[in-house]
Amino acid sequence: MIDFYIGPFAAKIDQAGDFFNKLDPFLQLSVAGASKRTKTLDSGGQTPVWTDVFHFRGSSDDVLRAKIFDEDILLDDCIGEVEVPLRKVIASKGKFIETLYFSNRNNSGSLTIQALFLDHKHHSEKEKFYKSKTLFSNLPQSKKDELLRQSSRVKMNSEKKVKTK
């Protein structure tokens with residue numbers, strides 16, 4: 001299993017929103033049976049940016065599924081869905097950023113996904129990745145520091161497992 005950090009995310013939604021209100025988008029993400037959800041961006045509109053970053057564990061055979069929803073009182077509307085095979089993230093040598101496009105009967109648009117995966121071979125790339133001019137550069141410094149601490153714990157745990165084998 002490999003540790004993945006996925007996020008932040010940016011979307012461009014070619015939909016005006018509900019008849020009575022603006023879009024209140026959120027993302028639902030799943031990898032290998034684990035599911036996580038971003039915060040809802042109240043009146044987030046057609047170009048939302050979520051600063052959430054999630055930790056997942058998966059293998060190269062797994063797929064990241066991201067669904068964009070418009071939160072409503074009675075029933076959340078699915079705006080679009082994209083998928084990324086994790087082998088594609090691994091092939092990026094530790095860092096991945098890609099804009100994926102979705103289209104269905106009512107909606108179309110794009111979702112930009114950023115991901116970092118950490119293993120003992122690519123762990124040293126994490127700091128360069130966080131400091132690069134990517135979506136992570138929009139994160140508050142406290143969130144970047146938190147991610148670096150989390151990834152350092154992942155590295156230490158990986159090293160302990162290697163030493164004990």
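Below, a colleague asks about this predicted model and its modeller replies.

Colleague: Happy to see this one! What pattern does the chain follow, read along the sequence?
Modeller: Residues are numbered from 1 along each chain as its sequence is written. In this predicted model, local features need pLDDT of at least 70 and side-chain atom pairs count only at pLDDT 80 or more, while totals for chains, interfaces and linings use all residues, and side-chain values use heavy atoms, with hydrogens and water left out. The chain holds three helices and nine strands, taken as DSSP runs numbered from the N terminus (helices H or I, at least four residues; strands E, at least two). Read along the sequence, they give β-β-β-β-β-β-β-α-β-β-α-α.

Colleague: Nice. How many residues of strand β2 are buried?
Modeller: Buried means under 20% relative accessible area, exposed over 50%, and partly exposed in between (1.4 Å probe, protein chains only). In the whole chain of 165 residues, 44% are buried. Strand β2 covers residues 25-31 and is mostly covered, and of its seven residues the buried ones number five.

Colleague: Which residue in β6 is the bridge partner of L27?
Modeller: Two strands pair if DSSP finds at least two bridges between them. β2 and β6 pair in the antiparallel sense over six bridges. Within that pairing, the β6 partner of L27 is I68.

Colleague: And on the β3 side, which residue in the turn has a positive phi?
Modeller: β2 also pairs with strand β3 (residues 34-37), antiparallel over four bridges, and V31 has A34 as its bridge partner there. The two strands form a hairpin with two residues between them, and the turn residue with a positive phi, about 50°, is A32.

Colleague: I like aromatic pairs. How far apart in sequence are the parts that F26 and F69 tie together?
Modeller: Rings of Phe, Tyr and Trp (its six-membered ring) pair if their centres lie within 6.5 Å; planes under 30 degrees apart count as stacked, over 60 as edge-to-face and the rest as tilted. The structure holds one aromatic pair: F26 and F69 are stacked, at 5.2 Å centre to centre with 15° between the planes. F26 lies in strand β2 and F69 in strand β6, so the separation of the parts they tie together is 43 residues.

Colleague: Which ring has the charged end of R37 over it?
Modeller: A charge sits over a ring if NZ of Lys or CZ of Arg is within 6 Å of the ring centre and within 35 degrees of the ring normal. K36 lies over the face of F56, at 4.9 Å from the ring centre. The charged end of R37 is 3.6 Å from the centre of its ring, which belongs to F26.

Colleague: Which residue forms a salt bridge with R37?
Modeller: A salt bridge is a side-chain nitrogen of Lys or Arg within 4 Å of a carboxyl oxygen of Asp or Glu, and the count comes to four. R37 is partly exposed, with a relative accessible area of 38%. The closest N and O atoms are 2.7 Å apart, and the partner of R37 is E71.

Colleague: One last one: where does E98, the partner of K88, lie?
Modeller: K88 and E98 form a salt bridge whose closest N and O atoms are 3.0 Å apart. The pair links distant parts of the chain, 10 residues apart, with K88 in helix α1 (residues 86-91) and E98 in strand β8 (residues 95-103).
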